[in-house]
Amino acid sequence: MTFQPRELFPDRSARDLFGAEIRRHREKADMSLRRLSEVLNYSKSHLARIEAAESLPYDDLPAKLDACFGTDGMFARLYALAKNEPFPGKYRRMIELESRAAIIEQYVGATMPGLLQTRDTAECWLRCGRPHAPDAEIEAMVKARIDRQALLDRLKPPRCWFILEEAVLRRPVGGPQVMRHQLASLIERGTQPHVTLQVLPFTAGEHAETGGSLTLFTVPHGTLVAYDESSQSGTIIEDQETVARRRENYDLLRAMALSPRDSEAMIRAVMKDWSPCQPPRA
């Protein structure tokens, strides 16, 4: 099968333009990614992600690219703009909706919502998704994820409603200490007046949203936008007929879930399962 390079969108953001310019100059010089990585003494896999606008480079790469291609500081100037965009272009619209929303309603079936993750939980999930990524890249992604949570502590925060499958509480992510800290953080968030947490127990059985993640954003002027996310992709849904169906699915999940009080009780009970075992008395 012939390799097909990923389509780039240089008009979408400075980050995308940075990647597109790498590809344009590389192909103009008739260089493969492997050859360019050898010339720059840079990880080929990381270079591929930068070219696809999925990752940002280290600070030393723009100067190396300018020296390699004789571009007189062009990559350094592009990088100065691109480094202000911590999220890949394919997620930027969702992040923008999240930052503007007056109401955020989210259901998750497998992972802790990004807005509720502790730093350790975020690092575990990001390392799982990018096992070969350098530490600096993971650290930048963790910071970007944690920085998003500032909206929950704004003077006028959005009204937030989270429905978590019971599996989210019981999946061992990072070990008992990480899980206990994560659940304690979850309980603390649930005490904020603008945040409601519900757990959807295993006993609720099947439902229409099993397996993924659904977020509903109510943006200024009352417009409702849905965001459907899987482990590898996310889709913004604006067709109002489709959004209405997802709204109905979410409302049914809310009815099937435990009450906020019972949900907190379940979280506290699961926390005990993540407590370290006490050594036997002598």
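In what follows, Lys and Arg count as positive and Asp and Glu as negative, while His and the chain ends are left out of the count. The structure above is a predicted model, and each exercise below is followed by a worked solution.

**Exercise 1. The chain as a whole**

Find how far apart the mean positions of the positive and negative charges of the protein chain are, and then describe how many helices and strands the chain has.

*Solution.* Step one is to take the charges by sign: the protein chain has 39 positive and 39 negative charges, and their mean positions are 3 Å apart. Step two turns to secondary structure, which comes to 12 helices and 6 strands. Step three adds the extent of the chain, since its C-alpha atoms fill a box of roughly 65 × 65 × 45 Å along the principal axes. In step four we look at the surface, where the chain exposes about 15400 Å², with carbon and sulfur atoms supplying 53% of that area. Of the 282 residues, 46% count as buried.

**Exercise 2. Two residues with positive phi**

Determine in which loops Asn 41 and Asp 72 are found, and decide whether each of them is buried or exposed.

*Solution.* We begin with a general point: most residues other than glycine have a negative phi. Against that background, Asn 41 has a positive phi near 55°, and Asp 72 likewise has a positive phi near 55°. The next step is to place them along the chain: Asn 41 is in the loop between helix H2 (33–40) and helix H3 (44–51), whereas Asp 72 lies in the loop between helix H4 (61–69) and helix H5 (74–82). The last step uses the cut-off for an exposed residue, which is a relative accessible area over 50%. Asn 41 has a relative accessible area of 66%, and it is therefore exposed; Asp 72 has 68%, and so Asp 72 is exposed as well.

**Exercise 3. Arg 23 and Thr 118**

Work out whether Arg 23 is buried or exposed, which side chain it makes a polar contact with, and which residues Thr 118 is in contact with beyond its neighbours within four places in sequence.

*Solution.* Arg 23 has its place in helix H1 (residues 14–28). Because buried means under 20% relative accessible area, the value of 13% for Arg 23 makes this residue buried. Its side chain makes a polar contact, at 3.1 Å, with the side chain of Glu 51. The C-alpha atoms of Arg 23 and Ile 50, which are 27 residues apart along the chain, are separated by 10.0 Å. Turning to Thr 118, we find it in the loop between strand E1 (103–108) and helix H7 (119–129), and its relative accessible area of 6% means that Thr 118 is buried too. Leaving aside neighbours within four places in sequence, Thr 118 is in contact with Ile 146, His 181, Gln 182 and Ser 185.

**Exercise 4. Aromatic rings**

Establish how many aromatic pairs there are, and explain why the pair of Phe 18 and Phe 75 is edge-to-face.

*Solution.* The count comes to 3 aromatic pairs. In the pair of Phe 18 and Phe 75, the ring centres are 5.6 Å apart and the planes stand at 80°, so the pair is edge-to-face, given that planes over 60 degrees apart count as such. Phe 18 lies in helix H1 and Phe 75 in helix H5, so this pair ties together parts that are 57 residues apart in sequence. Both of these residues, Phe 18 and Phe 75, are buried. As a final step, we note that Phe 18, Phe 69, Phe 75 and Tyr 79 form one aromatic cluster.

Key
Residues are numbered from 1 along each chain as its sequence is written. This is a predicted model: local features need pLDDT of at least 70, side-chain atom pairs count only at pLDDT 80 or more; totals for chains, interfaces and linings use all residues. Side-chain values use heavy atoms; hydrogens and water are left out. Helices (H or I, at least four residues) and strands (E, at least two) are DSSP runs, numbered from the N terminus. Buried means under 20% relative accessible area, exposed over 50%, partly exposed in between (1.4 Å probe, protein chains only). Accessible areas come from the Shrake-Rupley method with a 1.4 Å probe; for residues, only the protein chains shown count as cover. The place of a charge is taken as NZ of Lys, CZ of Arg, CG of Asp or CD of Glu. A polar contact is a pair of N or O atoms within 3.5 Å; within protein, one must be able to donate a hydrogen and the other to accept it, and residues adjacent in sequence count only if both atoms are side-chain atoms. Contact means heavy atoms within 4.5 Å. Rings of Phe, Tyr and Trp (its six-membered ring) pair if their centres lie within 6.5 Å; planes under 30 degrees apart count as stacked, over 60 as edge-to-face and the rest as tilted.
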